[in-house]
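Subject: Structure handover and what was found

Dear colleague,

I am passing on the structure we talked about, and I would be glad if you could open it beside this message and follow along. The sequence and the model come just below.

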Amino acid sequence: MFVLSKLVWILAQPFSLAFFGALLALVAGLLRWRLLSALGAAGAVSILFVTLYTTSGNYLLQQLEERFPRPAADPEDVKCMIVLGGAFQNEVNTARHGIEFADGADRFIEALRLAQKYPQSRILVSGGDGSLSGTYEGDAVASRRFFPLFGVGRERLVEEAQSRTTYENARNTKEFLAQQGLSDCLLITSAFHMPRSVGLFRKLGIEIVPWPTDYRTTGNVALGLDFTQPSLNGQNLGTAIREWYGLAGYYLVGRTSALFPG
C-alpha cells in the first residue's frame, strides 16, 4: 500500500498529468491522429493554466485548513502532545547531521512553544523515513537534536521513528500512547493535514485535541486568476490535491469513517 500510494501520487499529480497530455499530443500528432493530438494538447495547456495561473490551489487548501479551527487561546494544561512528521529536510539532515527544516517547520516550532510553556508535558514525535528508498532519518530522529537545543530534555520525548504514512503515524502512535500511559494529547500538524489526521485517529479510537498550525492561506481566498506567483500556485495546488487524494483513498479502504472529517 505504501509503495502504491507513492506511485499513484507520482503519476497523478498536476504536472505529471500535464506531461502525459503533452506526450499524448506528440505521439498522436506523429501518427496523424489530429483530434486526439488536439485533445491531448488542450488538456495539457488547461492543466498548466489552472495550476499556475489561478487560485485553485489556495482555495482547495483553504477548505482543508478551515475544517478544524485553531482554539482562540492556549489550554489551561497540556499533559502531552503528538507531533506528526513532515517538518524536516530528512535527506539533507541525514547527509549533514544538522537541523534543516522543510515547509512544515511550524509543526515543531509550535510544539517547542507549548513544551516551554507546559514543562510537565510529554512530546510524542511520530515520523520515520517516508521515502521510497528508506535510507534517511525521519523527524523523530531529528527531534533528538532539535528540542534539547532549546532546553527541552530528551527525557520528555517519545520517539516513534517507524511510520512512513499518516495511517502508520496513527497506528504506531496508539501503541506508544498505551505504553506511556498518555491520553487526550494535542495533535499538532499542518492545518491542511488535520482533517485526514483526525479521521485516522478517530477511527482507531485515539482521543486527541486538534491543534492545527502551518497555515498556507489567508482564510479569505476566492476562486479567480492569479498571475503573480505561478510557482507558489503550482506548489499549493499539488499539496491540496495530494491531501484530497489521501482523504478519498483512506475513506475508500475504510481507514476513516468520513470522507471529509470535521
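What follows goes through one pair of helices and then a set of salt bridges.

Please keep in mind while reading that this is a predicted model, so every value here was computed from its atoms.

Let us begin with helices. Two packed helices are described by the angle between their axes and the distance between the axes. For helix H2, residues 14-30, and helix H3, residues 34-53, the axes come within 7 Å and cross at roughly 160°. Since angles over 145 degrees count as roughly antiparallel, H2 is therefore roughly antiparallel to H3, and H2 passes H3 in a left-handed crossing. If you want to find the contact on screen, the H2 side includes Phe15, Leu17, Gly21 and Leu24, while the H3 side includes Leu36, Gly40, Ile47 and Leu52. Sorted by class, this contact between H2 and H3 has 14 nonpolar residues, five polar ones and no charged ones.

Charged residues come into the second part, on salt bridges. A search of the whole structure finds 10 of these salt bridges, and I describe a few of them here.

One of them joins Arg70 to Glu110, with the closest N and O atoms 2.6 Å apart. Because Arg70 lies in the loop between helix H4 and strand E1, and Glu110 lies in helix H6, this pair ties together parts that are 40 residues apart in sequence. Arg70 is partly exposed, with a relative accessible area of 30%, whereas Glu110 counts as buried because its relative accessibility is 8%, and buried means under 20%.

Glu110 also meets the side chain of Arg113 in a salt bridge, at 2.8 Å from N to O. These two residues are three apart in helix H6, so about one helical turn separates them, and Arg113 is partly exposed at 32% relative accessible area. Both pairs can be seen as part of a wider arrangement, in which Arg70, Asp74, Glu110, Arg113 and Lys117 are linked in a network of salt bridges.

A further salt bridge is formed by the side chains of Glu243 and Arg196, at 2.7 Å from N to O. This pair links distant parts of the chain, with Glu243 in helix H10 and Arg196 in helix H9, 47 residues apart. Which of the two states, buried or exposed, applies to Glu243? Glu243 is buried, with a relative accessible area of 3%, and Arg196 is buried too, at 12%.

With kind regards

Notes:
Residues are numbered from 1 along each chain as its sequence is written. This is a predicted model: local features need pLDDT of at least 70, side-chain atom pairs count only at pLDDT 80 or more; totals for chains, interfaces and linings use all residues. Side-chain values use heavy atoms; hydrogens and water are left out. Axes are lines fitted to C-alpha atoms, for helices over the stretch in contact, and angles run from 0 to 180 degrees between N-to-C directions. Helices (H or I, at least four residues) and strands (E, at least two) are DSSP runs, numbered from the N terminus. Angles under 35 degrees count as roughly parallel, over 145 as roughly antiparallel, 65 to 115 as roughly perpendicular and the rest as oblique. A crossing is left-handed if the near helix is turned anticlockwise from the far one by less than a right angle, and right-handed if clockwise. Contact means heavy atoms within 4.5 Å. Ala, Val, Leu, Ile, Met, Phe, Trp, Tyr, Cys and Pro count as nonpolar, Asp, Glu, Lys and Arg as charged, and the others, Gly among them, as polar. A salt bridge is a side-chain nitrogen of Lys or Arg within 4 Å of a carboxyl oxygen of Asp or Glu. Buried means under 20% relative accessible area, exposed over 50%, partly exposed in between (1.4 Å probe, protein chains only).
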